[in-house]
Amino acid sequence: MIRPFNDTTRRNIASRCATFTRAPPDQAAPTLKRAAVAITLTAGSEAGETALLLTRRAAGLRAHRAQWALPGGRCDAGETPVQAALRELHEVLGLELAPDAVLGVLDDYPTRSGYLVTPVVVWAAESAAIAPNPAEVASVHRIALDTIEREGAFDFVAIPESTRRVIRFHHGGSFIHAPTAAMIYQFREVLSGRDTRVAELEQPVFAWK
C-alpha cells in the first residue's frame, strides 16, 4: 500500500498515533538513562510516496558504530523526549522542525545498553533540507512506508543467550535489528491500528554493549 506524501496521509497518521495507547511506565525505568529517536516521515525516493529516514551510524563513533539507527540520542537534563528528539534530529540530520511537526509518541523501548528510548513520530515537509552530520552519520536512507508494511518485512528468531525473540527487519539484503527494528515494527502496527507491544523483543548480542 503506497501512502502518498500529502496532507491527507499526514492527518491519517496523526490520527493513528492519537488513538495509540502507550504502555504504562516500566518499573525498571528509573535505572535507565533516557533517550529519544525521531521516526521522521518525509518524501520518499520515488515521486509521491511517504518514507521514513534511517541512518547508518558513522564508523568512528564510540558506541554502536556503523549500525542502522533512527536519528536520536540521549536526553539532556530537563528535556522531555519530544524536545530531545527534535534537538537530535537537528544535530544529526540538520532538520529543524517545530513542535507542531510531532504526530505522536510510541512506547518506550529499554535497551540492553542501559537506555530507555522514546520514539517520536514527526513529519518533515518535502522542502526540508537534510544535512547529515558526518561525525555521526555515514549515510541516510529513505525507507518507503509500503516497504515496512509488506508481508515478510520482519521476522523473529531465537538465540541461545536469551529466551526472548530477536526481531529483524529485512532491508536491501541486510538485517536491521532492535532497538531500531522493534520501534519501526511498532510504528508499522500503529499504521494498521494495532497497539502491539515491543519492549520484550530482543536485541542481538552485538548490541548489548
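Let me start with Glu-202, which counts as buried at 0% relative accessibility. This is a predicted model, and that applies to everything I go through today.

Glu-202 sits in the segment that follows H4. What does Glu-202 touch, leaving out residues up to four places away in sequence? The contacts are Tyr-109, Arg-112, Ile-159, Ser-162, Arg-164, Arg-165, Val-166, Ile-167, Ala-178 and Trp-208. As a distance for reference, the C-alpha of Glu-202 lies 21 Å from that of Thr-55, with the two positions 147 residues apart in sequence.

One of those contacts, Ala-178, takes part in a cis peptide bond. The bond runs from Ala-178 to Pro-179, and its omega is near 10°. Pro-179 belongs to the loop that connects strand E11, residues 174–177, with H4.

That brings me to the core. In soluble globular proteins, nonpolar side chains tend to be buried together. Here the largest nonpolar core contains 38 residues, and Ile-13, Leu-41, Leu-52, Ile-148 and Phe-187 have the most contacts inside it. Seven elements are listed as supplying at least two residues each to this core: helices H1 (7–19), H3 (145–149) and H4 (180–191), together with strands E1 (33–43), E2 (50–57), E7 (115–123) and E10 (162–171). The biggest contribution is that of H4, at eight residues.

Take Phe-187 as the example. With residues up to four places away in sequence not counted, Phe-187 touches Ile-13, Ile-39, Leu-41, Leu-52, Leu-106, Val-121, Leu-145 and Ile-148. There is also a second core, separate from this one, with 17 residues; Ala-85, Leu-89, Val-92 and Ala-101 are among them.

Next, the cysteines. How many disulfides are there? The count is zero. Cys-17 is in no disulfide, and the nearest cysteine sulfur, in Cys-75, is 18 Å away. Seen from the other side, the closest cysteine sulfur to that of Cys-75 is in Cys-17, and 18 Å is too far for a bond, so Cys-75 is not paired with Cys-17. As for accessibility, Cys-17 is buried at 7% relative accessible area, and Cys-75 also counts as buried, at 13%.

Now the second largest pocket. Its volume is about 300 Å³. Which residues lie nearest its centre? They are Ala-23, Pro-24, Asp-107, Asp-108 and Ala-199, out of a lining of 17 residues. By class, that lining has nine nonpolar residues, eight charged residues and no polar ones.

Ala-23 is worth a few more words. Ala-23 is found in the loop between H1 and E1. Its relative accessible area is 31%, so Ala-23 is partly exposed. Leaving out residues up to four places away in sequence, Ala-23 touches Asp-107 and Arg-197. Asp-107 is also one of the residues nearest the pocket centre. From Ala-23 to Glu-88 the C-alpha distance is 24 Å, at a sequence separation of 65 residues.

Last, Ala-18. Is Ala-18 buried or exposed? The relative accessible area of Ala-18 is 63%, so this residue is exposed. Ala-18 lies in helix H1, which is also one of the elements that supply at least two residues of the largest core. Between the C-alpha atoms of Ala-18 and Val-105 the distance is 8.7 Å, although the two are 87 residues apart along the chain.

That is what I have.

Methods. Residues numbered from 1 in each chain as written. Predicted model: local features only at pLDDT ≥ 70, side-chain atom pairs only at ≥ 80, totals over all residues. Heavy atoms only, no water. Core = buried A, V, L, I, M, F, W, Y, C linked by side-chain atoms within 4.5 Å. Buried < 20%, exposed > 50% of the residue type's maximum accessible area, 1.4 Å probe, protein only. Helix = DSSP H or I, 4+ residues; strand = E, 2+ residues; numbered from the N terminus. Contact = heavy atoms within 4.5 Å. Disulfide = S-S within 2.5 Å. 1 Å grid on protein atoms, 1.4 Å probe; cavity = no way out; pocket = protein on both sides within 12 Å on 5 of 7 lines; lining within 4 Å. Points joined across faces, edges and corners; volume = space filled by probe spheres on them. Nonpolar A, V, L, I, M, F, W, Y, C, P; charged D, E, K, R; others polar.
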